[in-house]
Amino acid sequence: MIQVIVNGLSVGAFYALVALGYSMVYGIIKLLNFAHGDIYMLGAYVGFVVLGALTSWLSLPTALGLVLVTLVTMALTGGAGVLMERVAYRPIRHAPRLSLLITAVGLSFALEYGVRQIFGPKPSHFPVQIDAGSVNLFGATITTARIIVILVAGVLMVVLSLFVAKTRQGRAMRAIALDAKAARLMGIDVDRTISLVFFIGSALAGAAGVLAGAVYGTIDFLMGFIIGIKAFTAAVIGGIGNLYGAMLGGVALGLLESFGVAWLGGQWRDVFSFLCLILFLTFRPTGILGGRVVERM
Amino acid sequence: MTKNSLVQRLVLATAILSTLALTACSGGVGGDQNGPNDEGPIRIGMLAPLTGSESVYGTYLRNGAEMAVEEINAQGGLLGRPVELVVEDDGCDAQMATAGATKLVSAGIHLAVGGYCSGSTLPTEQIFYSNGIPQVITAANGSQLIEAGLDSVFLVNGLATQQAQSAVKFAQKQGAQAIFTVDDGDAYPKGLTDAFAEYGQPAGLNIVAHEQINKAEKDFGSVATAIVGSGADFVFCTAYVQPCALLNQQAKQYGFSGDFLIGDGAVDAQFADLTGAAYVERVYGTFTQTPDMLVGAEQWLASYQAKFGAEPGPYTTQAYDGVRVMAEGVRLAGSTDRQAVADAIHGLRGFDLFSGPATFTDQGVLADSSFVIVVLKDGKFVLFDDLKS
Amino acid sequence: MALVRARPRPPDLLRPPVRLPELGPSRWQWRGPRAPLRLIGVLAVAGVFVLPFFNASTYLMQIMTSAYIYVMLAMGLNVVVGYAGLLDLGYIAFFAVGAYTSGIATTRLGLSQVQAIPLVIGICVLAGVIIGGPTLRLRSDYLAIVTLGFGEIIRVTANNLQVTGGPAGIYAIPGWQFFGWRLRDGFTIGGLKFNGQVTFYYFVALIVIVLGVLGISQIARGRLGRAWKAVRDDEDAAEAMGINTYQAKITAYIIGAVWAGLAGQLMATQQSAISPPSFQFLHSALILMAVVLGGMGSTPGVIIGALFISLAPEFLRGVSDWRYLFFGLLLIVVMIFRPAGLWPATSLLPWSRDRRLQAETGPPSTAVKSDHRERT
């Protein structure tokens with residue numbers, strides 16, 4: 001039982017990290033950013049390249065090198081996110097919302113198959129792998145790598161919450177999420193703030209990508225697709241647009257899947273988690289935190 | 001648009017339609033204008049996945065077939081006519097495979113060789129059959145491929161049931177006490193684990209649990225802990241390379257220390273790289289023989305490397321053998337007629353293939369298919385046990 | 001000489017500043033702003049009907065028939081998304097339900113395809129109610145995830161059950177048979193030999209599409225269609241106007257479901273084999289793309305979109321490796337330059353003199369309503 005919960009938590013941490021960016025972007029411009037999962041994939045590949053370049057220049061201890069690589073990757077994928085918004089989303093921000101969805105799907109295809117053209121269809125081996133055995137926790141086994149994932153995800157989420165709650169930019173984001181027009185009248189630079197949201201969301205996804213590479217040791221060009229869908233699901237469970245909701249939703253989805261495997265077996269896992277989701281939304285149509293909280297960032 | 005407008009539109013359309021129908025004496029309705037030809041080259045059509053996640057194998061298939069075609073042409077061709085290979089992408093997708101197969105038929109092929117995924121090869125059988133084209137399937141080996149009972153369809157790869165029997169034999173030899181089977185829910189891997197259970201239980205194997213993983217994911221912690229929790233000492237994973245490699249790694253991280261057997265879909269040189277250097281111990285695979293395991297295949301290997309600048313991969317030899325089987329059938333039949341070629345191939349006794357002497361059963365599968373056990377050693381799979389003794 | 005000369009009255013005052021789009025039934029117009037488009041439509045319909053008389057290669061018939069099945073799906077989804085404004089990310093589920101129902105009915109229960117039609121319709125109505133039911137309270141994105149979930153549930157269930165053949169699916173699905181005459185035999189009319197197997201599906205799909213265009217345009221102009229559009233544009237206002245929004249939404253679902261189910265049956269018989277990978281989420285996304293790309297709520301637009309989505313990969317066969325990259329970039333570019341779709345519901349030819357009509361009345365309202373004010 002504890003083992004099942006621990007398994008769920010470690011998967012859920014990943015979902016939560018990716019779902020955060022999804023939810024942030026949704027909160028501010030109401031866009032389902034289908035390319036978000038592919039930013040996660042891009043992060044893994046950027047980390048792969050940076051790590052390759054870095055290890056050939058200087059020899060750092062693995063842990064320090066990994067932290068450095070994660071930071072560089074976050075900056076690069078954040079930039080990619082901003083660029084994406086500029087090129088594909090901003091020109092049609094006032095078009096029907098579904099048109100944005102199509103450019104998002106188009107971007108997703110372009111990213112996936114662009115990476116495939118560069119790195120080939122075969123999965124690649126990530127040069128560094130966090131592999132420090134496993135520990136026993138209340139009778140459940142968990143690998144150290146997964147504990148690191150949970151910790152890193154937790155830290156990033158706390159930092160982000162503080163940023164949104166305490167800083168000027170955070171306030172600007174919340175203001176735009178509530179009412180973009182009024183925010184503009186109050187002197188908030190809406191375009192800049194939206195760029196910032198894309199930067200932060202994509203940087204988080206990039207960090208998750210590097211983590212995935214380092215924990216599992218393999219990356220491939222389609223790895224973002226499924227996690228994008230999972231993150232979307234997690235964000236909706238939590239109440240889309242709500243930051244804490246995304247975190248809760250990620251963990252909840254991880255746990256649902258873990259229990260699904262334990263009770264019904266792997267082949268019925270997705271049926272189980274989606275059925276729970278549908279039942280839950282039938283009784284609570286706006287997710288865990290969707291309705292109650294007024295501020296949605 | 002109004003009711004009237006639509007009625008008028010229909011009337012107009014029908015009028016134009018009938019006028020054109022009357023004048024169209026060249027008539028395309030009869031079907032393909034450039035159907036199979038009795039002169040010129042004999043065309044062999046091949047379907048292989050050249051895009052999508054299985055695109056690596058498509059290249060292996062194509063190269064193998066090219067080798068065989070080149071050899072045949074060097075020996076003067078077939079029935080005095082040169083042989084030509086036409087390759088189309090099936091993307092391992094039923095829709096694309098159907099489109100590709102009909103494109104081949106429209107291109108006027110006489111013979112069909114190829115097919116990697118069972119699911120996408122299945123709908124092509126009927127297309128080739130009804131257009132009078134005999135078919136040799138090179139890699140796909142789902143048992144439903146022979147259930148349609150078409151007498152001109154042949155499989156040069158062993159069936160899942162034959163592979164499962166080899167796996168059962170190996171598990172018995174290793175003295176496995178508790179076996180855990182894993183597949184990814186695709187047709188072929190699931191067929192393999194089902195067949196393993198079917199043959200394993202009467203043979204006295206203790207299969208403690210079966211689990212399914214999603215091949216697009218990377219975290220198999222739930223299944224890995226389930227393996228350890230079940231006390232299994234033998235895992236049979238029939239998914240493809242990456243999921244099996246990750247499962248092997250994660251199961252061993254959680255403390256699994258038994259034998260890890262993989263199906264032929266995952267036997268790939270990349271396995272060692274993907275699973276990580278710390279976890280390569282006791283990894284085995286069921287596989288058909290490859291040239292590097294055979295004595296006397298050095299020359300073939302050398303000419304392959306000279307031609308493509310790379311090592312042959314999985315199913316290269318099956319594609320090569322598939323073309324040769326088909327060519328032998330045509331030679332014996334003296335024509336490319338579907339029935340004649342099919343009868344000739346059914347009549348083959350001990351035709352020499354990489355996988356051994358070939359004789360086809362009434363269902364069109366190899367009567368004796370030799371799956372061997374390979375082991376992961378120094379980053380490569382090498383022959384471990386031919387299960388003959 | 002008149003003391004007071006009347007000033008000429010400005011001509012504009014008596015005329016409305018903008019020529020209003022015509023409402024309600026009117027005669028077919030060969031003149032007027034949209035006439036050239038109608039002409040093109042007529043020529044296109046005639047063209048595809050006579051195509052097989054010029055080139056009936058198996059390949060062309062195959063890809064065109066697949067494209068028509070896509071057109072059917074896109075038209076059905078257009079009812080749900082384009083007219084009723086319900087974002088559906090699992091539409092392929094209904095396609096799967098239709099395909100599997102016909103497959104099971106004919107191979108396991110021994111019915112003929114014709115007998116299976118009412119069964120397919122019945123089960124699809126049921127599926128529409130089951131999927132539509134719990135989603136009626138949900139709005140936009142919550143609805144999207146629930147439909148996505150249903151799509152996955154159907155596919156995974158089909159993959160796991162015995163009766164659906166598991167991952168291998170159902171094969172050897174019989175073709176159509178009428179009074180002892182089987183399609184496979186083909187037939188001869190006026191000295192022309194029709195290859196039944198291939199060409200039949202082409203014409204059947206085409207006729208079904210034409211009937212569908214007629215039927216859906218009738219419904220869309222009627223009471224129900226207006227209710228859908230009202231719900232789409234503002235659900236609360238629609239309800240206040242006395243429209244039964246639940247009823248409107250569930251009918252949209254049911255019509256979409258039945259239409260997709262029939263497309264599924266056609267696909268199952270044409271391919272003679274079906275398996276779960278044909279019903280992945282990606283296909284739902286592609287159909288939705290066809291609808292949005294073509295122009296939501298616009299039948300000709302949706303048809304163009306569906307033809308584009310299904311034929312583009314075939315035409316890009318030559319550049320196999322690059323095709324999805326091109327495809328993705330193409331989608332972005334098209335959306336940036338035509339945000340309302342290739343052929344929106346009120347489109348005119350670019351060189352038409354009456355172009356200003358569109359400019360002055362503003363773009364069509366085809367957006368799926370955003371839910372700014374829903375959660376307070």
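These exercises work through a sheet, an interface and several salt bridges in a predicted model.

Local features require pLDDT of at least 70 and side-chain atom pairs pLDDT 80 or more, while totals for chains, interfaces and linings use all residues; side-chain values use heavy atoms, without hydrogens and water. Residues count from 1 along each chain as its sequence is written, with chains lettered from A and ligands numbered from 1 in the order in which they are written.

**Exercise 1. Lay out the open sheet of seven strands in chain B, then place helix α8(B) on it.**

Step 1. Fix the terms. Helices (H or I, at least four residues) and strands (E, at least two) are DSSP runs, numbered from the N terminus. Two strands pair if DSSP finds at least two bridges between them.

Step 2. Write the order: β7-β6-β8-β9-β10-β13-β14 in chain B. The pairing is mixed.

Step 3. Find the edges. β7 (207-212) and β14 (380-385) of chain B each have a single partner strand, so one side of each lacks a neighbour in the sheet.

Step 4. Get the twist. Neighbouring strands are turned by 25 degrees against each other on average, direction ignored. Axes are lines fitted to C-alpha atoms, for helices over the stretch in contact; angles run from 0 to 180 degrees between N-to-C directions.

Step 5. Inspect one pair. β6(B) (residues 179-183) and β7(B) run parallel, with five bridges. D183(B) sits opposite Q212(B) in β7(B).

Step 6. Add the helix. α8(B) (residues 241-253) packs on the sheet and touches β6, β8 (234-237), β9 (259-262) and β10 (283-288) of chain B. Contact means heavy atoms within 4.5 Å. The direction of α8(B) makes about 170 degrees with that of β9(B).

**Exercise 2. Describe chain A and the surroundings of V82(A).**

Step 1. Count elements: chain A has eleven helices and four strands.

Step 2. Check burial. Of the 297 residues in chain A, 63% are buried. Buried means under 20% relative accessible area, exposed over 50%, partly exposed in between (1.4 Å probe, protein chains only).

Step 3. Place V82(A) in helix α3(A), residues 62-89. Its contacts, leaving out residues up to four places away in sequence, are S195(A), F198(A) and F199(A). The C-alpha atoms of V82(A) and R192(A) are 9.9 Å apart, with their positions 110 residues apart along the chain.

**Exercise 3. How many residues of chain C are in contact with chain A, and how many salt bridges are counted between these chains?**

Step 1. Contacts link 49 residues of chain C with 48 of chain A.

Step 2. The two chains bury about 4,300 Å², 76% of it on carbon and sulfur atoms. This is the accessible area (1.4 Å probe) lost on putting the two parts together, summed over both.

Step 3. The salt-bridge count is zero. A salt bridge needs a side-chain nitrogen of Lys or Arg within 4 Å of a carboxyl oxygen of Asp or Glu.

**Exercise 4. Which parts of chain B does the salt bridge between K307(B) and E70(B) tie together?**

Step 1. Take the distance: 2.8 Å, N to O.

Step 2. Locate the ends. K307(B) lies in α10(B) (residues 298-308) and E70(B) in α2(B) (residues 55-74), so the pair ties together parts 237 residues apart in sequence.

Step 3. Check accessibility. K307(B) is partly exposed at 31%, and E70(B) is partly exposed at 43%.
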